[in-house]
Amino acid sequence: MKYVRALAFAALAGATIVSTGCSVARDQQTVGSYVDDAAITTAVKAKMAEDKTVSATSINVETLNGTVQLSGFAKSQAEKNQAEALARSAKHVRDVRNSIVVRP
């Protein structure tokens, strides 16, 4: 069951990536690095979907040149820290910027 949930989030992330391809056209980054960043974003979202302590639907993940930006809301500091740890553990992540707001 948890793999179905992870696959669903990965599919959603993939659809988002396909629909936002205009950033490559605006010369913000190369096609290769855009694809790498999309893979990192998908991997981080999948890790969050598998983890029961993190609400993957409340946390946004964006990646640019290997730097992952986390934003959104967490219910506790522990959830915020876990989201950052999951992002750091994904392959090819260079840095993580955690802008998640803790909201009780």
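**Close-up views of a predicted model**

**Figure 1. Long-range contacts in the overall fold.** Of the contacts in the protein between residues at least 6 apart in sequence, 60% connect residues at least 24 apart. The coordinates belong to a predicted model. Its secondary structure consists of four helices and three strands, which follow one another from the N terminus as α-α-α-β-β-α-β. The protein has 104 residues, of which 38% are buried. Its accessible surface amounts to about 6,400 Å², with carbon and sulfur atoms contributing 58%.

**Figure 2. The three-stranded sheet.** Three strands form an open sheet in the order S1-S2-S3, and their pairing is mixed. Strand S1 (59-64) and strand S3 (95-102) lie at the edges, each pairing on one side only. Direction ignored, neighbouring strands of the sheet are turned against each other by 10° on average. Helix H4 packs on this sheet and touches S1, S2 and S3. The direction of H4 makes about 160° with that of S3.

**Figure 3. Pairing of S1 with S2 and the loop that joins them.** Strand S2 spans residues 67-74 and pairs with S1 in the antiparallel sense, over six bridges. One bridge places Leu64 opposite Thr67, its partner in S2. The loop between S1 and S2 contains Asn65. Although Asn65 is not a glycine, its phi is positive, at about 55°. Most residues other than glycine have a negative phi. Asn65 is partly exposed, its relative accessible area being 39%.

**Figure 4. The salt bridge within helix H4.** In the structure there are two salt bridges, and this view shows the one that links the side chains of Glu84 and Arg88, with an N to O distance of 2.9 Å. Both residues belong to helix H4 (residues 77-89); because they are four residues apart, about one helical turn separates them. Side chains of opposite charge can pair when their charged atoms come close. Glu84 has a relative accessibility of 22% and counts as partly exposed. Arg88 is also partly exposed, with a relative accessible area of 45%.

**Figure 5. Extension of the salt-bridge network to Asp95.** The side chain of Arg88 also meets that of Asp95 in a salt bridge, here with an N to O distance of 4.0 Å. Asp95 is partly exposed, at a relative accessible area of 31%. Through shared partners, the salt bridges join Glu84, Arg88 and Asp95 into one network. Within this network, Glu84 and Arg88 are residues of H4, while residue 95 falls in the range of the edge strand S3 (95-102).

**Figure 6. His92 in the loop between H4 and S3.** The connection between H4 and S3 is a loop in which His92 is found. His92 is a residue other than glycine, yet its phi is positive, near 70°. With a relative accessibility of 67%, His92 counts as exposed. The loop leads from the helix that packs on the sheet to S3, one of the edge strands.

How values were computed. Residues numbered from 1 in each chain as written. Predicted model: local features only at pLDDT ≥ 70, side-chain atom pairs only at ≥ 80, totals over all residues. Heavy atoms only, no water. Helix = DSSP H or I, 4+ residues; strand = E, 2+ residues; numbered from the N terminus. Buried < 20%, exposed > 50% of the residue type's maximum accessible area, 1.4 Å probe, protein only. Contact = heavy atoms within 4.5 Å. Areas by Shrake-Rupley, 256 points an atom, 1.4 Å probe, with all protein chains shown as cover. Pairing = 2+ DSSP bridges. Axes fitted to C-alpha atoms, helices over the stretch in contact; angles between N-to-C directions.
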